[in-house]
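Trainee: Got a minute to walk through this one with me? I'd like to go piece by piece.

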Amino acid sequence: MSILVTGGAGYIGSHTVILLIEAGYDIVIFDNFCNASKEAIKRVEKIVGHKIATFEGDVRNREDLTKVFKSHNIDAVIHFAGLKAVGESVENPLKYYDNNVNGTAVLCEVMAEYGCKSIVFSSSATVYGDPHTTPIVESFPLFATNPYGRTKLFVEEMLRDLYVSDNDWKIVLLRYFNPVGAHDLGIMGEDPNGIPNNLMPFIAQTAVGKRESLSIFGGDYDTPDGTGIRDYIHVMDLADGHVKALEIIKNLSEVMTINLGTGNGYSVLDMVKAFEKASGKKVPYKIVPRRAGDIAKCFADPSYAKEVLGWEAKRSIDEMCQDTWRWQSRNPDGYKNKGK
Ligand code: NAD
Ligand code: WQD
C-alpha cells in the first residue's frame, strides 16, 4: 500500500514515516521545506536503510501534486503539511488560511481526481479552546482562540462536508495534544526555527546552554503548583497512532475524530524537573507573567483512541525527556541547514 505523507520532512511527519516503513507501507514524502530540512529525510533514510521517494512541492500547487499522483498509485494520504506557529498566525492570518485551509482543499481536489479518497488529517487539541473541564473528550464544544486554531477547525468542518457530499471518502481527524520527544537513536528530533515557542524545545536548548533561562509563563494558575498543565505525548507514540489509523481507514463509515494524548497532565515545573533528571543539567528558570491566550489545563481523555484504534501512549515523561536530550545534546544546532 502506498501512502503519501505531506509535510513528511517535518517533526511529526518524519518520525511517522519511520514507523510506516517499518509497518510495511511504501512511502512518498511531499514537502515544500518551508519549515524543514532535507537532512531530516537523510536521517530517516539512514534509520530505515533505503531511499524514500521525495517530492519538493507545495500542497497549494495543483501541478506539484499532480506529478506525485501521476507517477505513484497512492492509496491514502497522511496530511501533516501546514503552518503551526500561533503567534505568527495572529500577525499574518491570511498566510495561515491560505496554507492550511486552501492547501487542504487543493490536496483533496487532486486526490479525488485520482480516485484516492482516504485521508488522515493532523488536527490539534487547540480546537477545544479553553475547555470547561478536563480530561477532554472528543464531543466537547469546539472553539478557536487564534487564527491557527481556526484553520484546524475549518479544515475539520471542510472534511466533514466533503464526506457528506461523497460517502466514499474515508477521513480520520487526529487531534494531537502536546507532541514532544524524539526517535531514540538521537539523530532525529524537533528543530524549531529561531527562539522556540514551545516548552520542550526551549527547556532542551536551555539545558544544552543555548538559552540562558526559561521564562515560565504564569505561576498563578489554578493548578497544584500554579503553572500550566498539558498532556505531553511522545512523538513516536503519536506516530504509532497514525499507523493504527491507517489500519482502520478502509472500513470507515463515518468521519472519525480521535484525541491522541496520554491522559496525563504535567505542569511546566514537572517538565523542568523531569528534564533536569534526564539530562543531569540544571534548567534555570524565572516565573514571568502569563502568555496571552494560554489556558490553565489541557489534557485528553484518550479512551476513544483505545476503543477504536487499539492505541494508547506507552512512553513515560522520563522517556520523552531522555529522548529529547539525546537528540538535543548530540545535535545542538539541529539539522543546521533548515530551509535547504
Ligand atoms: P512541522 O512544521 O515540523 O511540519 C510541517 C511540515 O509541513 C514541514 O516540513 C513544512 O515544511 C511542511 N509544509 C508546510 N506548509 C506546506 C505546504 N504548503 N506544502 C508542502 N509542505 C508544507 O510541524 P509538525 O509539528 O510536524 O506538525 C505537523 C502537523 O501537525 C501540522 O499540521 C501541525 O499543525 C499539526 N499539529 C502539530 C502540533 C505540534 O505541537 N507540533 C500539535 C497539534 C497539531
Ligand atoms: C506548554 C506550556 C506554556 C513556553 C501549543 C499550541 C497548540 C499546539 C501545541 C499545534 C504552557 C508553558 C511554554 C515557554 C512556558 N500546537 N511555556 N514557557 O501552548 O500548550 O500549545 O503547541 O497545534 O496549538 O498552542 O504548548 O509548548 O507552547 O506550552 O512557560 O517558553 O508551557 O505557558 O503552559 P501549548 P507550549
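**Sheets, helices and odd spots**

Mentor: Sure, let's start with an open sheet of 3 strands: the order is β12-β9-β14, and the pairing is mixed. Keep in mind that this is a predicted model.

Trainee: Which strands are at the edges there?

Mentor: β12 (266-267) and β14 (297-298), each of which pairs on one side only.

Trainee: And how many bridges hold β9 and β12 together?

Mentor: There are 2 bridges between β9 (residues 229-230) and β12, and they pair in the antiparallel sense. Arg230 stands opposite Tyr266 of β12.

Trainee: OK, what about the sheet of 7 strands, what's the order?

Mentor: That open sheet reads β3-β2-β1-β4-β5-β6-β11, with parallel pairing. Its edge strands are β3 (53-56) and β11 (256-260), each pairing on one side only. On average, neighbouring strands in this sheet are turned by 20° against each other, direction ignored.

Trainee: Which helix packs on it?

Mentor: Helix α1 (residues 11-22) does, touching β1, β2, β4 and β6 (170-176). The direction of α1 makes about 170° with that of β2.

Trainee: How do β1 and β4 pair, parallel or antiparallel?

Mentor: Parallel, with 4 bridges between β1 (residues 2-6) and β4 (residues 76-79). As an example, Thr6 has His79 in β4 as its bridge partner.

Trainee: I was also looking at Ser124. Where does it lie, and is it buried or exposed?

Mentor: Ser124 lies in strand β5. Its relative accessibility is 11%, so Ser124 counts as buried, the cut-off being under 20%.

Trainee: What is Ser124 in contact with?

Mentor: Setting aside neighbours within four places in sequence, Ser124 is in contact with Tyr148, Lys152, Leu174, Arg175 and Tyr176. There's also a long-range pair to look at: Ser124 and Asn259 are 135 residues apart in sequence, while their C-alpha atoms are 8.4 Å apart in space.

Trainee: Switching to helices. At what angle do α5 and α6 pack?

Mentor: About 20°, with axes 9 Å apart, for α5 (residues 93-113) and α6 (residues 147-165). That angle is why α5 counts as roughly parallel to α6. The crossing of the two is right-handed.

Trainee: Which residues make the contact?

Mentor: From α5 you have Pro93, Tyr96, Tyr97, Asn100, Val101, Thr104, Ala105 and Cys108. From α6 there are Pro147, Tyr148, Arg150, Thr151, Phe154, Val155, Met158, Leu159 and Leu162. By type, the residues of this contact divide into 13 nonpolar, 3 polar and 1 charged.

Trainee: And how do α7 and α11 pack?

Mentor: Helices α7 (residues 199-207) and α11 (residues 317-330) pack at about 55°, with their axes 10 Å apart. α7 and α11 are therefore oblique to each other, and α7 passes α11 in a right-handed crossing. On the α7 side the contact involves Met200, Ala204, Gln205 and Ala207, and on the α11 side Met320, Cys321, Thr324, Trp325 and Gln328. Those contact residues split into 6 nonpolar, 3 polar and no charged.

Trainee: How many residues of α7 are buried?

Mentor: 9 of the 9, so α7 is largely enclosed by the rest of the structure.

Trainee: What covers them?

Mentor: The cover includes β7 (178-180), β8, β10 (232-234), α9 (268-279) and α11. Just after α7 there's a backbone detail too: Gly209 takes a positive phi of about 95°.

Trainee: β8 came up there. Which of its residues are on the covered face?

Mentor: Leu214 and Ile216, whereas Ser215 and Phe217 are on the uncovered face of β8 (residues 214-217). In a regular strand the side chains alternate between the two faces of the sheet. β8 runs parallel to β13 (residues 285-288), joined by 4 bridges, and Phe217 stands opposite Val288 of β13.

Trainee: Last topic, backbone checks. Which peptide bond is cis?

Mentor: The one from Thr134 to Pro135 is cis, with omega near 0°. Pro135 lies in the loop between β5 (118-124) and α6.

Trainee: And what is phi at Phe33?

Mentor: Near 60°, a positive value in a residue other than glycine. Phe33 lies in the loop between β2 (26-31) and α2 (38-48), and it is buried, with a relative accessible area of 4%.

Terms used: Residues are numbered from 1 along each chain as its sequence is written. Chains are lettered from A and ligands numbered from 1 in the order in which they are written. This is a predicted model: local features need pLDDT of at least 70, side-chain atom pairs count only at pLDDT 80 or more; totals for chains, interfaces and linings use all residues. Side-chain values use heavy atoms; hydrogens and water are left out. Axes are lines fitted to C-alpha atoms, for helices over the stretch in contact, and angles run from 0 to 180 degrees between N-to-C directions. Angles under 35 degrees count as roughly parallel, over 145 as roughly antiparallel, 65 to 115 as roughly perpendicular and the rest as oblique. A crossing is left-handed if the near helix is turned anticlockwise from the far one by less than a right angle, and right-handed if clockwise. Contact means heavy atoms within 4.5 Å. Ala, Val, Leu, Ile, Met, Phe, Trp, Tyr, Cys and Pro count as nonpolar, Asp, Glu, Lys and Arg as charged, and the others, Gly among them, as polar. Buried means under 20% relative accessible area, exposed over 50%, partly exposed in between (1.4 Å probe, protein chains only). Two strands pair if DSSP finds at least two bridges between them.
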